[in-house]
Amino acid sequence: MDWGLQNRLSRIIKPETGRTVMLAVDHGYFMGPTHKLEEPRKTIEPLLPYSDAIMCTRGVLRTSVNPKSHVPIVLRVSGGASVVGESLTNETITTSFREAVRLNVAAVALSIFVGTPHEHQTLKNLGRLVNLGEDYGVPVLAVTAVGKELEKRDARYLGLACRIAAEIGAHFVKTYYCEDFAKVVKGCPVPLVVAGGPKLETELDAFELAHEAVSEGAVGVDMGRNIWQSEHPVAMIKAIREIVHNGASVREAQRLYEDFKKAGSPLLAKTQTR
Ligand code: 5RP
């Protein structure tokens, strides 16, 4: 891999642990003002110090992230469909590579929709982006998206989609955690990060997801709603970091989450210093 590509990728996947905690805040590109991401800056700012990278569109980057921030950006460059439209899978490339380079991104991201009527179009999008990524030294993250068909998230389908993404040249792949996830990892020769998916019932469920995913070979998470739709997003991302970077167990993460919650509550913090 070329020096620039390696350098950019190592800003996201930290060489110290070989892992990453990416914060996904790109939901608005097809979901509009998603619950708790209505005002992106308010959601993003407190989480930035604990994010190894953030995944967002150019619109959110320009309006809601301080350009003086050092956080690596994974720029979502695909889109063209919405939750109220006919199909979520009809995506094109919406942001030029020139723009991505001007925005000094660490990587670009797009969705592929394997097994849908837009499979060919979205895989062609990936091929084009990888060619440009190789030209400019910018890694490409392929997201094995499932649109509204959440039930597609099994090892057979995700294994197929991840492998196709890697064969076309994606430098890393974002997919879902599933039963037999180790099989998905085995068949994918590039690093995998897992999405959180829709908000799970409890924090514990999200800790379990992150723990299982990294135990079975993911290099980390690219998590959104399970962090910022939590009542305590900062405590949540800090606990997820403990799992991903420091090998905390699910139980340790839960205990740390409770501690981080208390530390983050000004009233309690004051009480504790008395
Ligand atoms: C959509 C995406 C989102 O970034 C992704 O779903 C991650 O966020 P969450 O953890 O909320 O699912 O890539 O295609």
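1. Let's start with L37, which sits in the loop between α2 (28-31) and α3 (40-44). Keep in mind throughout that this is a predicted model. Is L37 buried or exposed? L37 counts as buried because it has 23 C-beta neighbours inside 10 Å, and the cut-off for buried is 20 or more. Leaving out residues up to four places away in sequence, L37 touches V25, H27, G28, T43 and W228. If you want a long-range marker, take V138: it is 101 residues from L37 in sequence, and the two C-alpha atoms are 27 Å apart in space.

2. K36 is worth a look while you're there. K36 also belongs to the loop between α2 and α3, and its phi is near 75°, a positive value in a residue other than glycine. K36 is classed as partly exposed because 18 other C-beta atoms lie within 10 Å.

3. N104 is another one for the backbone check. Its phi is near 55°, again positive in a residue other than glycine. Where does N104 lie? You'll find N104 in the loop between α5 (97-102) and β6 (107-112). N104 counts as exposed, since it has 12 C-beta neighbours inside 10 Å and the exposed class covers 12 or fewer.

4. Now the core. The largest nonpolar core has 82 residues, and M22, V74, V108 and I240 are those with the most contacts inside it. Which helix gives the most to this core? That would be α11 (residues 233-246), with 7 residues.

5. M22 deserves its own point. Setting aside neighbours within four places in sequence, M22 is in contact with a run of residues from S51 and D52 through A53, I54 and M55. Its other contacts are I12, V74, V193, G220, V221 and D222. V74 thus turns up both as a contact of M22 and among the residues with the most contacts inside the core.

6. On to the ligand. There are 15 residues around the ligand, of which A24, A195, G196, G224 and R225 come nearest. The elements giving two or more residues to this shell are β10 (220-223) and α10 (225-228). Sorted by class, the shell has 6 nonpolar, 6 polar and 3 charged residues.

7. Back to α11, this time for its packing on α12 (residues 250-264). The two axes come within 8 Å and cross at roughly 145°, and the crossing is right-handed. From α11, the contact is made by V234, A235, M236, K238, A239, E242 and I243. On the α12 side, the residues are E252, A253, L256, Y257, F260, K261 and G264. Which classes make up this contact? The split is 9 nonpolar, 1 polar and 4 charged residues.

8. The other helix pair to check is α6 (residues 119-136) with α7 (residues 155-168). Their axes come within 9 Å and cross at roughly 35°. This crossing is right-handed. L123, L126, G127 and V130 in α6 meet I164, A165 and I168 in α7. The residues of this contact divide into 6 nonpolar, 1 polar and no charged.

Methods. Residues numbered from 1 in each chain as written. Predicted model: local features only at pLDDT ≥ 70, side-chain atom pairs only at ≥ 80, totals over all residues. Axes fitted to C-alpha atoms, helices over the stretch in contact; angles between N-to-C directions. Helix = DSSP H or I, 4+ residues; strand = E, 2+ residues; numbered from the N terminus. Left-handed = near helix turned anticlockwise from the far one by under 90°. Contact = placed C-beta atoms within 7 Å. Nonpolar A, V, L, I, M, F, W, Y, C, P; charged D, E, K, R; others polar. Core = buried A, V, L, I, M, F, W, Y, C linked by C-beta atoms within 7 Å. Near = placed C-beta within 6 Å.
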